[in-house]
Amino acid sequence: MHDIAYRGASPRAVRASIAALAAALALTGLASCSASEQPDTPDGSGAGQAENTTLTMTIWGSDIDQKVMEERLALAKEALPDIAVNLQLIANDYDTKVQTMFAGGQAPDIMMTAESVNVYSSKGQLEDLNPYFAAEGVDPVSSFGQGSVNTYSTDGKLWGAPDRSGAAVVYYNKDLFDAAGVAYPSADWDWDAFRDAAKKLTLTDDNGNVSQWGYGAGDWWPWYMTWFYQNGGTVLDGQGKPQVNSAENVEALQFYNDMVLIDKSALSPLDYADQGLDNGSPDPLFVQGKLAMEVTGFWNVSSLKDAGLDWDIAPLWHGKESAVPAFSSALAVAASSKNKEAAAKLLVFLTSAAGQKPIATSGLDVPANLAAVADPSFQQPSWNTSDVDLSAFTASASDVYAPPFVPQWNEIQKAFTDGLADVYTGKQSVKAGLDKVQATVEGLLK
Amino acid sequence: MNTAAAARERAAKGPFEAAKRRRFAWLSSRLGRRETLLFYAFISPWIIGFVVFTAIPMISSAYLSLTDWDSFQTPNFVGLANYVKIFSQDPLFWPALGHTLYFAAISVPLSLLIALFLANLLAKPFRGAKFFRTVIYIPALVPLVAAAMIFRWLLAPRSGPINGFLALFGVEGPAWLLDANWIIPAVILLALWQVGAGTILLIAALQGVPPEMYEAAELDGASRTRQFWNISVPLVTPILFFNLITGMISGFQVFSQVYVLTNGTSGPDNASLMLVPYVYDNAFRYYDMGYASALAWVLFAIVMVFTAIVIRSSNAWVFYETEVRS
């Protein structure tokens, strides 16, 4: 075997074919940005044969999300036997794939949506649901509360039926609290009480390195924005003007950053990096028992259930004001749907107390429907064997603030990530960082 | 003979005569036709694939780059506005281009050198050669997300083995992923780790070098180093050339390595922003498909120019055995 590659082919032909290959490689790279991808359609996801109307519905999540939605659709089938649903679970890259479906004229009739709701609504892609709720005699505000309705409304139009909604709560490790002799977190805590507790819960090893932290947060809007809102600040004011570098916001973020850089009671980006983690991944450390407190949503209840820790949840502390982020999702109807009426009817059922019950009984999430939350199926579910205090999710429901889910929401988050990167590491002052974010956001919204 | 006259002649000879001629022509070129048909039959999967998945998307993206398409509403034609914005108003385009050139200029030649070095070691028969060849190729099989997780640990500022190694020499290692000056070198490290695929090609090429050439050189007293530079390297230049072209193109299109190492932030503060992630962000996070298309075309032009330069230069340094140099 003494052949070298290309023996026998003329150099010219070889060069030409390499050039062609080069071009093809370059092109496929570009094309992959525009090629449409089919969402993964799990087998047997259809909720039965079509009789009159078949609707397509896209949801994100995992198998459990799909199972719960199938349960709910089975209930819907009893109430609305003429409507069949082809349920598509899109486990990865949901936003990109749904965007591609819309771009390709293959929009689903019903889509699960959350933070990007106004990307779609501002581009005329969603149907106002208020008339449909009115036609069914359902009042959205009394069903879901003003906060949820506000989150999914602009200019008096309701772009999504609130479906899942839970306030952020404090997850805390009881053992670490007991060992440090600190009282468990509560809604009565103010910032100083929180900071003090975090300090007491922070331990250093013999080399002076922190081995246990009081609090873990990082680059995620429910963490940094909540400091602003609790301090009377905001991101966009009533007129939609950015107020990122206001005195309230600077003071608020300084408070958190002092915990990171001075007290060292909250994880710094360097601390996370030492654990091989991104700035803002407290979950693994909480599970390892190295972190006393973290703030996140309902989903950690199920992931911590079998972690072998003694933990519980509590409502969030307060600052000058009470402000709590919430993690919600809604179901929206595409404006291009040929079966808007049927789709909206289905949503009214799915977001009713009866339609939301499987969310509670399965322990999947907090239902958005207030009657479903008040129901014993949520408050005392059979899966809650470790007596987790589920009332924490509802206790602060009235303090939920609506983050600025404007069409430029992704760019705004990126502006915070970029502008604050050097703040958390102490290379730049809080004021300079927020000034930079303010300038970027002004540019985005002008 | 003009066509009208030919038509008249055919008409005069009648349909029977014409049919006979056609039949004869078909018989004479039956083999040729068969070959032509087979050619198209065999190439059709590629042609169809090219048209559907490359040509049509390319043409559409060229058109979209002249519009303000947000991927939902009807696109409005805006002329060259997107291109003007790229070159004169976008504060991130030039940094992104600079970072991409930096990454490609370091990672591509380094990968080639390392691959050549490793291939030269592994091409020779020795005990355990197969084992080491497998080991070298394993990183190419590890999913990138898993590799990135390993790299986060390797690059950890205070506890990572890389900085631990540097500390042996009294060097205080940087906080790689958090430092604007070190994030791109970190991405380059991750890219270099995956050098196995190029190495395998070079091993095959080196094993293809006729041993009588080495024997002849040895008789003439050429040292091992001399043999490497004057026999091995010239004879594998076609593979080096291939690796250079493909490496350069994928270097310009670097996406996954930065995306997984920086968790999609291109951070800190855009210090590792590369062109393809920027295209992706504009298209799928900021819903500016028209602008993203324009960026993609600018990238395409840049890649084409660099590829053309390298192909042009290949006359000077790529050696083909069948080639006769005057």
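In the predicted model, buried residues account for 35% of the 326 residues in chain B. The secondary structure of this chain amounts to 14 helices and 0 strands, so a walk from the N terminus meets α-α-α-α-α-α-α-α-α-α-α-α-α-α, with the terms following DSSP runs of helix and strand. Contacts in chain B can also be sorted by how far they reach along the sequence: among those between residues at least 6 apart, 70% join residues at least 24 apart. The domain assignment splits chain B into domain 1 (3–64) and domain 2 (84–317). Taken over C-alpha atoms, the centres of domain 1 of chain B and domain 2 of chain B are separated by 45 Å.

Chain A is likewise given by the assignment as two domains, and here each is made of two stretches of sequence: domain 1 covers 53–167 + 326–393, and domain 2 covers 169–323 + 408–445. The C-alpha centres of domain 1 of chain A and domain 2 of chain A are 29 Å apart. To the contact between them, domain 1 of chain A gives 13 residues and domain 2 of chain A gives 11 residues. On the side of domain 1 of chain A that touches domain 2 of chain A, the elements giving two or more residues are β6 and α19 (391–395) of chain A. The residues of that side comprise 6 nonpolar, 4 polar and 3 charged.

Strand β6 of chain A therefore deserves a closer look, as one of the elements that give two or more residues to this side, helices and strands being DSSP runs. The strand spans residues 161–167 and is mostly covered, with 7 of its 7 residues buried. Its place is in an open sheet of 5 strands from chain A, ordered β2-β1-β3-β12-β6, in which the pairing is mixed. In this sheet β2 (83–89) and β6 of chain A stand at the edges; each has a single partner strand, so one side of each lacks a neighbour in the sheet. On average, and with direction ignored, neighbouring strands of the sheet are turned by 15° against each other.

For β6(A), the pairing with strand β12 (residues 326–333) of chain A is antiparallel and is made through 6 bridges. Two residue pairs show how the strands line up: A:Gly166 has A:Phe327 as its bridge partner in β12(A), and A:Ser165 has A:Ser328. At the other edge of the sheet, helix α2 (residues 63–79) of chain A lies across β1 (53–59) and β2 of chain A, and runs at about 175° to β2(A).

Domain 2 of chain A begins at residue 169 in the assignment, and strand β7 of chain A occupies residues 169–173. This strand too is mostly covered, with 5 of its 5 residues buried. In a regular strand, side chains alternate between the two faces of the sheet. In β7(A), A:Val169, A:Tyr171 and A:Asn173 point one way, while A:Val170 and A:Tyr172 point the other way, and all are buried.

Strand β7(A) pairs with two strands. It is joined by 4 bridges to strand β10 (residues 291–296) of chain A, in an antiparallel arrangement, and there A:Val170 has A:Val295 of β10(A) as its bridge partner. A further 4 bridges join β7(A) to strand β11 (residues 311–314) of chain A, again antiparallel. In that pairing A:Tyr171 is matched with A:Ile313 of β11(A).

How values were computed. Residues are numbered from 1 along each chain as its sequence is written. Chains are lettered from A and ligands numbered from 1 in the order in which they are written. This is a predicted model: local features need pLDDT of at least 70, side-chain atom pairs count only at pLDDT 80 or more; totals for chains, interfaces and linings use all residues. A residue is buried if 20 or more other C-beta atoms lie within 10 Å of its own, exposed if 12 or fewer, and partly exposed in between; C-beta atoms are placed from the backbone. Two strands pair if DSSP finds at least two bridges between them. Domain bounds come from an automatic or database domain assignment. Two residues are in contact if their C-beta atoms, placed from the backbone, lie within 7 Å. Ala, Val, Leu, Ile, Met, Phe, Trp, Tyr, Cys and Pro count as nonpolar, Asp, Glu, Lys and Arg as charged, and the others, Gly among them, as polar. Axes are lines fitted to C-alpha atoms, for helices over the stretch in contact, and angles run from 0 to 180 degrees between N-to-C directions.
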